[in-house]
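Please open the model in your viewer and keep the selection panel at hand. The tour begins at the core and then moves outward to the whole chain.

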Amino acid sequence: MKLKDNVLRSFRVAKVFRENTDKINCFDFSSNGETIISSSDDDSLVLYDCQEGKPKRTLYSKKYGVDLIRYTHAANTVVYSSNKIDDTIRYLSLHDNKYIRYFPGHTKRVTSLSMSPVDDTFISGSLDKTIRLWDLRSPNCQGLMHLQGKPVCSFDPEGLIFAAGINSEMVKLYDLRSFDKGPFATFKLQYDRTCEWTGLKFSNDGKLILLSTNGGALRIYTPAAEL
């Protein structure tokens with residue numbers, strides 16, 4: 001299906017889910033596309049079956065809360081950031097509702113969480129003005145970048161580079177193999193005082209970057225045009 005204007009205009013709401021009693025913070029598809037998981041301010045993680053179109057299971061994180069959530073490459077494990085007690089990232093098995101590992105280090109709220117598309121690496125950005133690189137197999141931070149402002153970040157589709165949006169005004173591109181040498185490209189965008197960037201995502205072909213905001217607009221950027 002090609003998402004042309006007339007096709008998008010023909011879309012209608014097929015189903016509404018009302019399992020949550022508070023604001024939904026995030027949701028993510030499993031890598032096989034069979035399930036979706038959502039996180040909410042009511043401390044719940046709701047698992048949905050995409051084929052049957054109905055809730056499958058609800059788990060709770062009453063002690064730590066749950067904010068951003070991402071599937072790993074396994075359909076039964078997730079990593080998520082917390083909004084209670086501390087800013088540790090947690091690695092959870094959905095099968096038996098047990099924690100596999102904790103990833104401590106951030107000292108303020110995590111604003112970005114992105115899983116590598118090719119391996120067990122993931123990155124996180126925080127209001128503490130850092131981006132941290134992690135490996136699911138180790139609780140220790142594998143890389144640390146100190147920035148000049150609040151970041152949003154994400155891997156590209158090939159898992160070779162990642163982008164960081166800083167202070168809602170510039171995008172920096174890093175090579176994963178040499179990120180400690182700094183960005184290989186930096187692009188300054190026109191600053192919009194009416195909103196802040198809340199997320200960053202590459203298109204499937206890696207040529208475009210979508211910047212979500214807390215305002216009434218989305219921004220699409222083409223870094224390839226400037227390289």
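Which residues have the most contacts inside the largest nonpolar core? Select Ile37, Leu45, Ile89, Leu94 and Phe122, which hold that place in a core of 23 residues. Such a core is a set of buried Ala, Val, Leu, Ile, Met, Phe, Trp, Tyr and Cys residues joined through side-chain atoms within 4.5 Å; buried means under 20% relative accessible area, determined with a 1.4 Å probe on protein chains only.

Next, colour strand 3 (44–49), strand 5 (69–71), strand 6 (77–81), strand 7 (89–93) and strand 9 (110–115), each of which supplies at least two residues of this core. Strands are DSSP runs of E with at least two residues, helices are runs of H or I with at least four, and both are numbered from the N terminus.

The model is predicted: local features need pLDDT of at least 70 and side-chain atom pairs pLDDT 80 or more, whereas totals for chains, interfaces and linings use all residues. Residues are numbered from 1 along each chain as its sequence is written, and side-chain values use heavy atoms, without hydrogens and water.

Now centre on Ile89. Leaving aside residues up to four places away in sequence, Ile89 touches several residues, among them Val79, Tyr102, Phe103, Leu113, Phe122 and Trp134; contact means heavy atoms within 4.5 Å.

Finally, display the whole protein chain, which contains 1 helix and 19 strands. Its C-alpha atoms fill a box of roughly 50 × 45 × 35 Å along the principal axes. Of the 227 residues, 48% are buried.

Methods:
Buried < 20%, exposed > 50% of the residue type's maximum accessible area, 1.4 Å probe, protein only.
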